[in-house]
Amino acid sequence: MRNNSYASGKISPISYLYFTLFFISGISGLIYESIWSQYLKQFLGHAAYAQTLVLVIYMGGMAAGSWLAAVWAGKARDLLLWYAVVEIALGALALAFHGIFVRYIDVSFSAVIPFLGKPALISLYKWVTASLIILPQSMLLGATFPLMAGGILRRFPGLSGYKSSFIYFVNTFGASIGVLISGFYLVREWGLKGAIISGGAIDLFVGASILALCLNGKSAAKPASANNCVDDANSGGAAGTAGDTPEFDVVNAPSTGQNTFVAPGKRAVYYPLLFVAGATATASFIYEIGWIRMLSLVLGSSTHSFELMLSAFILGLALGSFFVRNKLDRIKNAPRFLGIAQIAMGACAVATLFIYGGLFNVMVLTIDGLDRNASGHVFFNIISHLICMAMMLPATVCAGMVIPLIIHMLYARGYGEASIGKVYAVNTAGGILGVVVAVWALMELVGLRYLIIIGGVIDMGIGLYVLYHFAETREGMTRTAALLASALVLFVALPFSKVDPALASSGVFRYGTISKPKRIVGHKDGKTASITLFKSGKSIVLSTNGKPDASVGLTEEYSSDEYTMALLGVLPMSVREEMRTAAVIGMGAGMTAHYMLYDPTLEKLDVVEIERAVPALAKKIGPKVENTFKDARCRIHIEDAKTFFSAQNRSYDVIVSEPSNPWVSGVSSLFSREFFHQIRRHINDGGILVQWFHKYEADITILASILKALGEAFPAYELYLVDSDLIIIAAKDEGTDIGIKRDVFANAHIAENLSKMGFSGIDELRMLYYANKAFFGPLAGSYPTPPNSDYHSFVDLYAAKHRFMGSSVKEINDIREFIIPTRKIIFGDTAYLSLTPRQILPDIYNYIEVQQAKTLAQELILNASASGEDTAAGPLSASIFILDYTAARPNKVTFPQIQSAITQILQKTLPYLSASEMRELWGIIEDKVARKTLSSTQREWMDYFGALCSYDIAETRRLSLKLLPADADTISGHFSNQMLIASLLATSVAAGDTSNIEQIWEKYEERKEPPAAIRAVRAMMDR
């Protein structure tokens, strides 16, 4: 076999079986990287240094493993056999990893961290143990490439350039596929545990298969063979095909299976090429960090976006090695090829700064051209992947050629199999340097634009170094042309390239638009995100990676964000008589902390923000947030929330959590069962957690997953609705009163500020109350979604999809707006604001319906006609006219017309007005219909409406049962029947009498997909 394959340049067919197994192995390698990072971030947090540490541990272990494999290669008789052993060991460790990690976390939080006590010792413990928990596996992973490459070159000698390149291609291509499989399928279907077990199963399969091939080769080998799984180890150092002339003389060393060289010393070739391997990786990872941030502004910073970016980056490396595979054994001047490839890489990387702006336009066309549904989201991800490729492939294809080329150059010069592992190790170490330098220094120091340019300068500098160092490149014009080309790239890039903050803050991935009139106040590229502060219209907006996180009005007008941020601070003050210690997770504009600091009982406030650039820019917003930056009681901590609370080991009366939207990568862990259990330990007895969420860009399954997780740790919670946001107040202890009891309007500062927003008293805050755990918890439990978990993050997996689809938790409004106020009936919560005329309520949409209801009631009471400008105009004007006409000419109006008019009026009043208001309103309606002659059934309908308006539970239940078509085989979803079923269920729960319910329910045709109000009450009954 040796002679035929080497002399003819053909590849043995069986070698492709090995290549296939190496491809499969590459899939598992990136599964591990992705999953280990997600595991360790649960312990280390998501701060920049924690992310960097995870990557450094992983890559450092890879480098160490590669280097050790390189040293070991000269002593091992059978590299492929050892490769099989490593794969099997990896698989076995993967199968055990989840159980070990969970135990490690439990012991750490329950015993070790409380024992250590001091933050410095806790941090040291976390970093050291987190390193140890994946370091052995990382070292094994690092050993796989040199073992597989060296083993193949022994097993199938000849065409070393082709084979080393093709091995690099199949393994790297497998890695690019592994990223997508892990993120888009394995984690979604089976969570982190299932994903890492899948990786382990892959490795066990690969290891067993290679082991079988090796044992088969051993049984078929000649008795005189020196190595069990080697045809001719001595030929491993041969370069090229028969007839090629090596650039240096090579002397075989049969005793070791290695090649020794009789050529210039290591300073001429060996060390320079190792330096190139490390330095080019430094530049490549600088690009990767920069490109990921830049593309986050185009695609959104979701987990799936990062997976698409990483896949595109690795795919470029794979394509580069594939492209060069047939050329390596025929290249006459390898140093010149290497130098040109490095310069081309740097130039292509710098060129991305010029195409970057156009990618925003591509995203505009994408958003405009796709339907906002599940199918459209699939195409959105496909196009996003293509955008990543357009950005990354030109430079990464060049990068993918470099490592196989360097390995081939060293191998051809007789440096043997050890050179493979050492090149791989040095390349990985260079990547570590690139990550650390990019994240810790360059990103904040010079920003995205210069980060990319610096990476380009490094690569072009490497190319010039190669061209000027090696003897083979000293003739001709290559060096001069390369120097001029590099200078030209810099000459063009420095003055003309840019990363426009207006584009960066456009949020094109959400809105499908770019240009809005805005004036940039400040922009910073931070370690974890790019933050922009800009003025748009009458507001100043703080944007994180293109997503507005807070907007504040510049005039007396207030944004909807201000209502939410202010009430996040005010509501906990209303719930607790005193709030001595508090913490805020997620600074935003700083307004929540600003309002909390108005509380004179507050002694200390910790604000935890992950990105340093946020407070730097938020401070410029001005007086509306100035307490956060001027009050001595407030301390701002730049830290990940989990890490902060774990390391500081403090407890608080109130913790307010207002992180970014959960589709942002990493944020979903602040809505997980593990986080809620952890944060509960940092709340004092009788204390509360105030949790923000939103109705927009989500659906009921997302909210249900979060509330299930929250409900496991907190025995009671209440939901307040503020425009399109939810404020959830959760009690640490059973029996804690979390209702509004403290009149914060007695505080002059709060009263003054809230009055400017339109609030005049504490009753208006009570009106924001929506539901409690007893009502909404069963509804959340009725959806087959798991509690959101760090180990199977339902929210992270689906939140970005709902963002694209523009989903909404419409069930919240469906319940609130349904004609039958089920929650009010069940809990007797009917005391809303009185009907006394007063000033307009605050300008948030969930007050608008209340305002309309009051206007309509006043109109009926005063017997006035609706004006064209009235908020009650439209169909309700016709309903009022029908009632007025009935009073005047009862015989001219049919009862169905009266019933329809009453239903429409109650639809717009009963959910929003108090019981006393509704009784007064019903008296007026009843008077208008008094002269109408009614049948017994029609009279029962009037009695039913009257019972609803007076909240007569027993009478409403009796009439609901009587009016439902009990004798029919089925009950359709006609609106009147929906009303009757809803009122029957609600009054039955309120009265504790569920007799006759099941036989009615079984006849209800829409029982599997009922309206949200009916589903909520039914869920309470089932529970």
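Two residues are in contact when they have heavy atoms within 4.5 Å of each other. Keep that in mind as you move through this predicted model.

**The whole chain**

Start with the protein chain in full view. Its C-alpha atoms fill a box of roughly 115 × 60 × 60 Å along the principal axes. Colour by secondary structure and you will find 36 helices and 14 strands. Of the 1023 residues, 61% count as buried. Now switch on a surface: the chain exposes about 37200 Å², with carbon and sulfur atoms supplying 59% of that area. If you plot a contact map, look away from the diagonal, since among contacts with a separation of 6 or more, 78% join residues 24 or more positions apart.

**Helices H10 and H11**

Next, select residues 374–412 for helix H10 and residues 418–469 for helix H11. Their axes come within 9 Å and cross at roughly 145°, and the crossing is right-handed. To see the contact itself, show side chains for Ile403, Ile406, Ile407, Leu410 and Tyr411 on H10, then Ser419, Ile420, Val423 and Asn427 on H11. Colour these residues by type and you get 7 nonpolar, 2 polar and no charged.

**Glutamine 897**

For the last stop, pick helix H30, residues 895–907, and centre on glutamine 897 within it. Is this residue buried, partly exposed or exposed? Glutamine 897 counts as partly exposed because its relative accessibility is 38%, between the cut-offs of 20% and 50%. Leaving out residues up to four places away in sequence, glutamine 897 touches Ile882 and Lys892. Finally, draw a C-alpha to C-alpha distance to threonine 886: it spans 9.7 Å, with the two residues 11 apart in sequence.

Notes. Residues numbered from 1 in each chain as written. Predicted model: local features only at pLDDT ≥ 70, side-chain atom pairs only at ≥ 80, totals over all residues. Heavy atoms only, no water. Axes fitted to C-alpha atoms, helices over the stretch in contact; angles between N-to-C directions. Helix = DSSP H or I, 4+ residues; strand = E, 2+ residues; numbered from the N terminus. Left-handed = near helix turned anticlockwise from the far one by under 90°. Nonpolar A, V, L, I, M, F, W, Y, C, P; charged D, E, K, R; others polar. Buried < 20%, exposed > 50% of the residue type's maximum accessible area, 1.4 Å probe, protein only. Areas by Shrake-Rupley, 256 points an atom, 1.4 Å probe, with all protein chains shown as cover.
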